[in-house]
Amino acid sequence: MHKGTSADQFFQTDAEQAKIERRAAKAGNKNGNPIVLKSKLLAAIPDPTSPSSVFVAESAGSVRRVNVDTGDTKHVFRGPSAPVTCVAIGGPGNQTLFAGSWDKDVWSWNLSSKTPGRKYSGHTDFVKAVVSTKLGGKDCLISGGADKKIMVWDIETGSRLHVLQDQAVSMMAIQDLVIDPVQSGPDEVILVSASSDPHIRRWRIRLDGFEQIKEASPDEPGAVRHTILEHDTTVYKVVFDSEGEEVDLWTSSGDGTAKCLSRLKGFATDDSIHHGDHVRAVAVTDQWIITAGRDEDIKVWNRSSGKLYSTLEGHYDEVTDLVIIEGGRRIVSVSIDGTVRTWSLDQVELDKINKEKEDKAKGIEEETPAEPEKGLMTAEEEAELAAMMEDDD
């Protein structure tokens, strides 16, 4: 056990101390043009009004708009007294920002004025996921919490419309929620939920009711399965692939994988990427699959071959979320380390990163041309010395 000089270090193991020292050494790197904030960052979403901005959820109890090009971080939405875990934009005209918090509530603000709006209270444990949608022309909010419940709210009145729970297979803390863009319509939406158990569930929600969807079994024609079960443990993220023709479902899990679940195959696994360790986030472009998580690295996979193309290193603690910006040209990552980093997804730029790593591994570094050594004598002194030598001859 390491015996440090401070009270915080006295009972640290050697492994813990080594981890602290490694992170301290790594913290100063400038990879991804880091924007440093003062608290842990737990989630992020794109800013629909600015192609170079994101909203980040801060453990300090606020939501902050960050412009990754200018570095502007002055727009802050405050209210919660506990960490903010998730964010969403919706409501009338998509002018409302929603945030779930450890204080068990969903907070809201007007995007333009930053004035606080209605607070949605009902969960008995912290809120982990929020999405906004429309049902029968009515703006609705859907939240999921660590209390193992999904709640549907009328945004205007604040009234709770439904509470969704799995009556057959025990559902644990909600991790993520996403609306199916293909099967949802004006009068009903298909919601996909991920939770701390390995089961992915689909729900059909209307204003007057809801039902959990039973899935076609990929193994037995005509048979059904109660949930989508393709992972071994916690499913952290569910994302629909808007770049693909079938708009399949991509997932990331604590089992170390990210998977493509085929819509045509009843959401059975069609492709699997082995990132390693807990995969907290997955993002998709027409060329790449990007994964990130507990190992601090962001991995870029070739979508066609499924092979790892490049590893982006910079964060020095767990990466919690990824946001695609500028139509897939760049990706933003946020982390427990309190930094927002932006990475180019241009293949030429990724090739440069790969080349730099290869050269470093081979011990090759760019050499700065050495300046010619300056003589110890001036030109006049050298000429005088030469003349003296001639006289000696």
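Two strands are taken as paired if DSSP finds at least two bridges between them. On this basis the strand arrangement of the chain, a predicted model, can be described sheet by sheet. Within one such pair, Ala258 stands opposite Ile273 in β24. The two strands concerned, β23 (residues 257-262) and β24, run antiparallel and are joined over six bridges.

The chain as a whole contains three helices and 31 strands. Its length is 393 residues, and 50% of these count as buried. The exposed surface amounts to about 19,700 Å², of which carbon and sulfur atoms supply 49%. Among contacts with a separation of 6 or more, 43% are made by residues 24 or more positions apart.

The pair β23 and β24 belongs to an open sheet of four strands, ordered β21-β22-β23-β24, with antiparallel pairing. Strands β21 (235-240) and β24 (268-274) form the edges; each has a single partner strand, so one side of each is left without a neighbour in the sheet. On average, and with direction ignored, neighbouring strands of this sheet are turned by 20° against each other.

Another open sheet is built from four strands in the order β6-β7-β8-β9, and its pairing is antiparallel. Here β6 and β9 (120-121) are the edge strands, each pairing on one side only. Strand β6 (residues 84-90) is joined to β7 by six bridges, and in this pair Cys86 has Gly100 of β7 as its bridge partner. The two strands form a hairpin with five residues between them, and Gly91 in the turn has a positive phi of about 75°.

On its other side, β7 pairs with β8 (residues 105-110) in the antiparallel sense over five bridges. Leu97 stands opposite Trp109 in β8. This pair is also a hairpin, with three residues between the strands; Lys104 in the turn has a positive phi of about 80°. The sheet continues from β8 to β9 through two bridges, again in the antiparallel sense, with Val106 opposite Tyr120 in β9.

Strand β7 (residues 96-101) is mostly covered, six of its six residues being buried. In a regular strand the side chains alternate between the two faces of the sheet. Both faces of β7 are covered: Thr96, Phe98 and Gly100 are buried on one side, and Leu97, Ala99 and Ser101 are buried on the other.

A further part of the chain holds the largest nonpolar core. In soluble globular proteins, nonpolar side chains tend to be buried together. The core in this model comprises 15 residues, and those touching the most other members are Ile142, Ile150, Leu177, Leu191, Trp203 and Ile205. Two or more residues each are given to the core by β10 (127-135), β11 (138-145), β12 (150-154), β14 (174-179), β15 (188-195) and β16 (199-206). The largest share, three residues, comes from β10.

The surroundings of Leu191 illustrate the contacts made by one of these core residues. When residues up to four places away in sequence are not counted, Leu191 touches Val131, Ile142, Ile150, Leu177, Val178, Ile179, Arg201, Arg202, Trp203 and Ile205.

Definitions and conventions
Residues are numbered from 1 along each chain as its sequence is written. This is a predicted model: local features need pLDDT of at least 70, side-chain atom pairs count only at pLDDT 80 or more; totals for chains, interfaces and linings use all residues. Side-chain values use heavy atoms; hydrogens and water are left out. Buried means under 20% relative accessible area, exposed over 50%, partly exposed in between (1.4 Å probe, protein chains only). Contact means heavy atoms within 4.5 Å. Accessible areas come from the Shrake-Rupley method with a 1.4 Å probe; for residues, only the protein chains shown count as cover. Axes are lines fitted to C-alpha atoms, for helices over the stretch in contact, and angles run from 0 to 180 degrees between N-to-C directions. A nonpolar core is a set of buried Ala, Val, Leu, Ile, Met, Phe, Trp, Tyr and Cys residues joined through side-chain atoms within 4.5 Å.
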